[in-house]
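Please examine the sequence and the model shown here. The paragraphs that follow lead through selected features of the two chains.

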Amino acid sequence: MAAPTRVASVDQRVLVERAGAGDHDAFSQLVRGTVARLDAAARLILHDPELARDAVQEAYVLAWRDLPGLRDPDRFDAWLHRITVRSCLTILRRRRHRAVEVELTPMTDVPVGDTGSSIVDRDQVERALRRLEPGMRAVVVLHYFLGLPLPDAAEALGIPLGTAKSRLHRSLAAMRVAIEAEPGSEAFELPRGQMV
Amino acid sequence: MSAFDRSRRLQQELPDLLIDIAVPRVPDYVDDILAQTAATRQRPRWTFLERWLPMFVVARRRVLVPSLPWRTLGAIAMLIVLLAAALLIAGSRPKVPAPFGLARNGALLYSVGGDLFVRDSIDGPARLVVGGPTDDFTGGFTRDGTRLTFLRRTAGTEGSQDERIDLMVANGDGTNVVDVSGALTAPDWWDLAPDDRSIIGIAGDPDQGQHLYRYDLQQPSEPVLIDLGPSMTVATPNFRGPDGREIIFRGRTIADGTWHSGLFALHADGTGFRALTPTTGDADSDYLFPQPSPDGRLVTYTMWDRAVSKNRIRMLDLTTGADRLVTADVLLNDGFASFSPDSKRITFVRYAGNQEQIMVMAADGGGPAIQIGPAYRQLAGHDVGGSFSPDGTQVIVNDSSLETRIVDATTGGEGRVLDWSRGSFAGWQRLAP
């Protein structure tokens, strides 16, 4: 399955323009068309469904409020991603000293469809993802889940491209190490006796 | 399979695996979002500067900000500090409260729109103490009640990557404002030394882990890193009463590539480092919010109970090492406690559903817990917190950016909304009893 990328369609462009002019019905259609991916991205970054809900709600409220200022309707998706990710990171930053924030609820209550990937892979990757710092999780989610090119991911996070690249590189390395360190790892383990 | 091949395979499979993990689906709160947005007004188009000006003009505005003559400003600041010191020596010394424990209630400090205000009493008139174009916020009085400490945003916007914040100190009337830290990245929790001559706090990119610094409040100088090595990050540092000989903090340490948490202590000069608890807690959810009692005997902290997915308040006796739960009821979700000035009670947050309720109870867990103010709905970016007045008779409830209430600490109840502070209450002055 390919990464869930989206391209702004002509219909979406019209909806963004109408919503920017104050048409709430148009905004409702935009919300219904984007919320599943944003909710999933927020859950991946925050590892807490309630906080993800807060982050997504806050993001849409900000998006609705500031939509008249969006100059290029074709950039709506990237703009919305940026608002959502920043909302996630803001929640973590503001609540860091209280940490109600990072309950790190395992996402095992989510029903798993028949996607062809092994459960071992999924669980290992999920645990490895949880071990990353939130800022590193965010760049992984932006790039590999939301399908943003790295320059767009860097823009969304408000960090230089070089920083985004190094964060992604370090994230993948850390995840690989974490996965390989698990006993019984099959997905990425070394063949016996092979030297790296 | 080489490391390169394994890395490439992980990259290839990651998109599908992330979809497997998250399972994108339309959440059940879409109608809530639409109700919220329908009730929110859009910003008028004309208020977006970038819609009217070419982007290069908007961008250039930042570039054209003239650089400040730091040496001159530093020299002036130094002169101001010396002058203040001379005046302090020449003047009479007022009676001040002990650094820890009960004190008399003094003035109340709060921030509005980037300015700091003081009221001598709850119903007294507001007095601007730090105003002007600077963006000043948060803060408090020194332990002796004679000076103010506060934060000033000097670059970037709130929450942005380029945001920089300076720690400032001023006289109680807002005069003699001195920058004691220089530009900091994400400064967080800070606490004053018992003699008010220095302050400790954490700063640094939260993604990389924050570290402990000491700032001199007597004169502008470089922050001093209390170096605990690269394998330890610090959160919530507090001086331990009654003499402030130790700093207690939550630390995160890395072992075998995995971060863990625990509670630690050390002296302000960086010596005497020791662990107070096991250091194998979860990096994100254990040993949270350590708060020492003013008498220095206890420290309370919050643990995450994975078996029932609830917060638990614990109490560590620093004199005996005994560690216990404050409440044994597994149905309660209580966390983030702090002590009354007499060390006999705690105020904490009780979570129920999506609501937060400030409570007060005896520090030994005996007797009933009483509700302080109403239950607040949990909202993104809004933290509800309670803190005792210097004399311990009142609790200030701050629901950040929404409202501030003052509630009787003994009887509880709804209390009284302070309409002049919408969640921006910063600190209460301590006066000699």
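Which residue follows helix 2 of chain A, and what is the sign of its phi? The residue is His47(A), and its phi is positive, near 55 degrees. This value, like every other given here, comes from a predicted model.

At the opposite end of the helix, Asp23(A) acts as the N-terminal cap of helix 2 of chain A. A side-chain oxygen of Asp23(A) lies 3.0 Å from the backbone nitrogen of Asp25(A). Between these two ends, helix 2 of chain A is not straight: a bend of about 50 degrees occurs at Thr34(A). The end C-alpha atoms of helix 2 of chain A are only 29 Å apart, whereas a straight helix of 23 residues would span 33 Å. Helix 2 of chain A is largely enclosed by the rest of the structure, because 19 of its 23 residues are buried.

Confidence varies along chain A. In this chain it is highest in helix 2 (residues 24-46), at a mean of 93, and lowest in helix 5 (residues 119-131), at 78. Chain A as a whole averages a pLDDT of 75, and 73% of its residues score at least 70. Over residues 97-120 of chain A, pLDDT stays under 50, and the model has 55 contacts beyond four places in sequence for this stretch. Residues 186-196 of chain A also have a pLDDT below 50, with 18 contacts beyond near neighbours in sequence.

Chain B contains 5 helices and 29 strands. Of its 433 residues, 48% are buried. The chain exposes about 20100 Å², and carbon and sulfur atoms supply 56% of that area.

Conventions
Residues numbered from 1 in each chain as written. Chains lettered and ligands numbered in written order. Predicted model: local features only at pLDDT ≥ 70, side-chain atom pairs only at ≥ 80, totals over all residues. Heavy atoms only, no water. pLDDT = per-residue confidence, 0-100. Helix = DSSP H or I, 4+ residues; strand = E, 2+ residues; numbered from the N terminus. Contact = heavy atoms within 4.5 Å. Buried < 20%, exposed > 50% of the residue type's maximum accessible area, 1.4 Å probe, protein only. Areas by Shrake-Rupley, 256 points an atom, 1.4 Å probe, with all protein chains shown as cover. Expected span 1.5 Å × (residues − 1). Bend = angle between axes of the 7 residues up to and from the residue. Polar contact = N/O pair within 3.5 Å; in protein donor to acceptor, adjacent residues only side chain to side chain.
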